[in-house]
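Biologist: Before accepting the terms used for this model, I should like to hear the reasoning behind each of them. Please take me through the structure.

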Amino acid sequence: MTQARISIDREAVIAPINRRIFGSFVEHLGRCVYDGIYEPGHPTANEDGFRLDVVELVRELGSTTIRYPGGNFVSGFRWEDSVGPREQRPVRRDLAWHSLETNQVGVDEFARWLKLTGSELMMAVNLGTRGIEAALDLLEYCNHPSGTALSDQRIANGTAEPHDIRMWCLGNEMDGPWQTGYMSADDYGKLAARTAQAMKAADRTLELVVCGSSGSTMPTFGDWERTVLEHAYEHVDFISCHAYYQEHDGDLGSFLASSLDMQYFIETVVATADHVGNKLRSKKKIQLSFDEWNIWYLKEHQASDEVNDEWRYAPRQLEDVYSVADAVVLGNLLITLLKNHDRVTSASLAQLVNVIAPIMTEPGGDAWRQTTFFPFSVTSRLAKGEILRPRIDVGTYATAAHGDAPLVDAVATTDGDRSAVFLVNRSQTESIEVTIDIAELAVVHVDEAVTLWDDDVYAKNTLADQNRVGLKTLDGVRLADGVLTVALPPVSWSALALS
Ligand code: AHR
């Protein structure tokens, strides 16, 4: 069996864990909101029409901050349509996904839904078709306590307390030609700076996210970040990163090494942001908000006609069904986010329900967990305290897309009493025996050892077979004299909880 050695240094602290790293994303897209989190006729629906079986799964998933209402949708969003008496709300065309939007779920309902799930709201403003005034109005409606036109409107609409939203995204993917109202970096940087300046005049404690690149393969990647930050650096706190991965043309080896691209993406944006900051002799460091990341079979969706010329309500769009391999890659991407948590202090798994999501629903029927649900929920539950960078001594394999990739990746966390190690084996053929020197963690007991793997790396959970894939016990774990020995199955993601 191939061997790997890992040692964990208690002093190699990357950062204390900020729970925002376990964020997610709800967009008015396809069946994410309608027939996803919201279905008034469903047997589990509450008085707002929210499905409580979905709420339960969201709580189990352990997602924290939730970005809303888009995504590409936000670039056509008129927030005023989404508040007030439901029967008076207009139906609008959503140009981003060529759908009809009923506005039956809006800002106030969504804030109530977040309370059920125990999550924080991260709001995006429309800088595609609107601008500073609409952003300021939404901010006043949401956050001002009372005694102004828009805060009193919120109160009259039934929400006495302000929503007190801390994180705000200044538009969405403004570098993308698909974005309604997309702009050059120069135009967007100026608009973002002016919007941020005005929003902070209303509340200087807001945390603002300026749009970075929609992906590391965008032709403007790097230049976009530099130009936008040259305008907006002193007004904003975060720059966004978006990345989606998929297996291309049967090249599973490259797909399993996707996190190397995420690492490259993060390092490039950090270097660019610090270059601008240093040039400006700024005292602050810009943080990264990786506010869209996931597996997405985009190529296949683009080839389909699911986004078409019809105007439909909540059509089935982007409903990827995830495999074991997808879940292993997702677990590895989460490891990468944790390993960069000194700069990536917020992240959102895109998305949450039905649309490229860990949770699926059937109208009038069940809600179930996709394969990708498991690495996210276990990591969110077990990662506590501080993140530690392990030293990993392991061989590599060649990939077409990312060069040589280490066969094993890992990260550790500890709060002193409880520790956890998260690992992936990227080998398609071999189990790997890993010895982990955990003497410095001063743990004596393995509380939990789980793995996600299957003889069929393409096994999936479906409506007909909702529990085909789940967590398995990682057999044969030994802990003796401060050394943990585990055998990681091929194409697997695993977690160990220690105390
Ligand atoms: O998450 C799906 C879409 O991906 C979002 O609407 C957009 O921001 C990105 O291109």
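Modeller: The model is a predicted one. I begin with strand E1, where Gln3 has Glu433 in E22 as its bridge partner.

Biologist: What makes E1 and strand E22 a pair?

Modeller: Two strands pair if DSSP finds at least two bridges between them. E1 (residues 2–7) and E22 (residues 432–437) are joined by 6 bridges and run parallel, so the criterion of at least two is met. E1 also pairs with E17, in the antiparallel sense, over 3 bridges; there Ser7 stands opposite Arg391.

Biologist: How do you know that the side chains of E1 alternate?

Modeller: Thr2, Ala4 and Ile6 point to one face and are buried, whereas Gln3, Arg5 and Ser7 point to the other face and are not buried. In a regular strand the side chains alternate between the two faces of the sheet.

Biologist: Which strands make up the open sheet, and in what order?

Modeller: The order of its 5 strands is E17-E1-E22-E26-E25, and the pairing is mixed.

Biologist: Why are strands E17 and E25 called edge strands?

Modeller: E17 (391–393) and E25 (478–480) each pair on one side only. Neighbouring strands of this sheet are turned by 20 degrees against each other on average, direction ignored. For E25, 3 bridges join the strand to E26 (residues 483–488) in an antiparallel run, and Arg478 stands opposite Thr485 in E26.

Biologist: What makes up the barrel?

Modeller: The barrel is closed by 8 strands in the order E3-E4-E7-E8-E9-E10-E11-E13, with parallel pairing. Between neighbouring strands of this sheet the average turn is 30 degrees, direction ignored.

Biologist: How many bridges join E7 to the strands E4 and E8?

Modeller: E4 and E7 run parallel and are joined by 4 bridges, with Thr65 opposite Glu120 in E7. E7 (residues 120–125) is likewise joined to E8 (residues 167–170) by 4 bridges, and these two also run parallel. Met122 stands opposite Met167 in E8, and Val125 stands opposite Leu170.

Biologist: Why is E7 described as largely enclosed by the rest of the structure?

Modeller: Of its 6 residues, 5 are buried, and therefore E7 is largely enclosed. A residue counts as buried under 20% relative accessible area.

Biologist: Which helices lie across the strands of the barrel?

Modeller: Helix H5 (residues 185–202) lies across E7, E8 and E9 (207–210), at about 150 degrees to E8. Helix H10 (residues 324–339) lies across E10, E11 and E13, at about 175 degrees to E11.

Biologist: How do you know that the buried residues of helix H4 line one face?

Modeller: The buried residues of H4 (residues 149–156) are Leu150, Ser151 and Arg154. Seen down the helix axis, they fall within an arc of 105 degrees, so they line one face. They pack against helix H2 (107–117) and helix H3 (132–143). The face turned away from the buried side carries Ala149 and Ala156, which are exposed. H4 is followed by Gly158, whose phi is positive, near 105 degrees.

Biologist: Why is the aromatic pair of Phe50 and Trp113 called tilted?

Modeller: The structure holds 14 aromatic pairs. In the pair of Phe50 and Trp113, the centres are 6.5 Å apart and the planes stand at 55 degrees. Planes under 30 degrees apart count as stacked and over 60 as edge-to-face, so the rest, including this pair, are tilted. Phe50, in the loop between E3 and helix H1, and Trp113, in H2, are 63 residues apart. Both Phe50 and Trp113 are buried.

Biologist: What makes the pair of Tyr68 and Phe110 stacked?

Modeller: The ring centres are 3.8 Å apart and the planes stand at 5 degrees, so the pair of Tyr68 and Phe110 is stacked; the cut-off is under 30 degrees. Tyr68 lies in E4 and Phe110 in H2, so the pair ties together parts 42 residues apart in sequence. Tyr68 and Phe110 are both buried. Ring pairs link Tyr34, Tyr38, Phe50, Tyr68, Phe110 and Trp113 into a cluster.

Biologist: How do you know that the charged end of Arg67 sits over the ring of Phe25?

Modeller: The charged end of Arg67 is 4.7 Å from the ring centre of Phe25, and the distance limit is within 6 Å. Lys472 lies over the face of Trp453, at 5.4 Å from the ring centre.

Technical notes
Residues are numbered from 1 along each chain as its sequence is written. This is a predicted model: local features need pLDDT of at least 70, side-chain atom pairs count only at pLDDT 80 or more; totals for chains, interfaces and linings use all residues. Side-chain values use heavy atoms; hydrogens and water are left out. Axes are lines fitted to C-alpha atoms, for helices over the stretch in contact, and angles run from 0 to 180 degrees between N-to-C directions. Contact means heavy atoms within 4.5 Å. Buried means under 20% relative accessible area, exposed over 50%, partly exposed in between (1.4 Å probe, protein chains only). The arc is that of the directions from the helix axis to the C-beta atoms. Rings of Phe, Tyr and Trp (its six-membered ring) pair if their centres lie within 6.5 Å; planes under 30 degrees apart count as stacked, over 60 as edge-to-face and the rest as tilted. A charge sits over a ring if NZ of Lys or CZ of Arg is within 6 Å of the ring centre and within 35 degrees of the ring normal.
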